[in-house]
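New to this one? Have a look at the chain first, and then we can walk through a few spots together.

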Amino acid sequence: MNYSIIIYIIGMILKIEAAFMLLPAVTALIYQETCGVAFLITIVLCLAIGFPLTRKKPTRKAFYTKEGFVTVALSWIVLSIMGAIPFVISRSIPNPVDALFETVSGFTTTGSSVLLDVESVHRAVLMWRSFSHWVGGMGVLVFMLALLPMGG
């Protein structure tokens, strides 16, 4: 199995998720919400993990079915865990399991929510929640189609 290409793609996914989180961070800045710090912390965390993983390009570009399965599974896990961090840090959803559920339901376009009153959360958090649904609904297909050709 070509672990170097899997690690490289996971690093790219983390960097792209950091870019995705810029939108709610800017939303927090526009509405002067303090929860924007949660997104900045998560952006830094994604980049701190993503850059070392993509520092060295893989020498073997072979990308077979088993690497594809592992990459997709790890991508969902990494996207969901990192996507749940702003919910926990901003205290919008203080329980990490509930925050993970909220993020997974967004990226999988399930649409389920643990929030009883969705409109009461910060606008930036609401933007991230809505954006995760958009990314899950349309973006993941485009996202994966853009990354998979990198494997050759």
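What follows is a short tour of one helix, two loop residues and a group of aromatic rings.

Keep in mind that this is a predicted model.

**Helix α2 and its two sides**

Let's begin with helix α2, which covers residues 22-30. Its buried residues are P24, A25, T27 and A28. Looking down the axis of α2, you'd find these buried residues within an arc of 155°, so they line one face of the helix. On the face turned away from that buried side sit the exposed residues L29 and I30.

**Two loop residues with positive phi**

Move just past α2 and you reach Q32, with a positive phi of about 55°. Q32 is not a glycine, yet it takes that positive value. You'll find Q32 in the loop between α2 and α3, the latter being residues 36-54. Is Q32 buried or exposed? Q32 is exposed, at a relative accessible area of 72%.

T109 is another non-glycine residue with a positive phi, near 55°. T109 belongs to the loop between α5 (96-107) and α6 (123-147). With a relative accessible area of 42%, T109 counts as partly exposed.

**The aromatic rings**

Now for the rings. How many aromatic pairs does the structure hold? There are five. Here are two of them, side by side.

| Pair | Arrangement | Centre to centre | Between the planes |
|---|---|---|---|
| F107 and W128 | edge-to-face | 6.2 Å | 80° |
| F131 and W134 | stacked | 5.5 Å | 15° |

The F107 and W128 pair links distant parts of the chain: F107 is in helix α5 and W128 is in helix α6, 21 residues apart. F107 is buried, with a relative accessible area of 2%, and W128 is buried too, at 1%.

The F131 and W134 pair sits within helix α6. Why are F131 and W134 separated by about one helical turn? Because they are three residues apart in that helix. As a general point, an α-helix has 3.6 residues a turn, so residues three or four places apart point the same way. F131 is buried, at 14% relative accessible area, whereas W134 is partly exposed, at 44%.

Finally, zoom out a little: ring pairs join F20, F39, F107, W128, F131 and W134 into a cluster. So both pairs in the table belong to that cluster, with F107 and W128 in it along with F131 and W134.

Conventions:
Residues numbered from 1 in each chain as written. Predicted model: local features only at pLDDT ≥ 70, side-chain atom pairs only at ≥ 80, totals over all residues. Heavy atoms only, no water. Buried < 20%, exposed > 50% of the residue type's maximum accessible area, 1.4 Å probe, protein only. Helix = DSSP H or I, 4+ residues; strand = E, 2+ residues; numbered from the N terminus. Arc of directions from axis to C-beta. Phe/Tyr/Trp six-rings, centres within 6.5 Å; stacked < 30°, edge-to-face > 60°.
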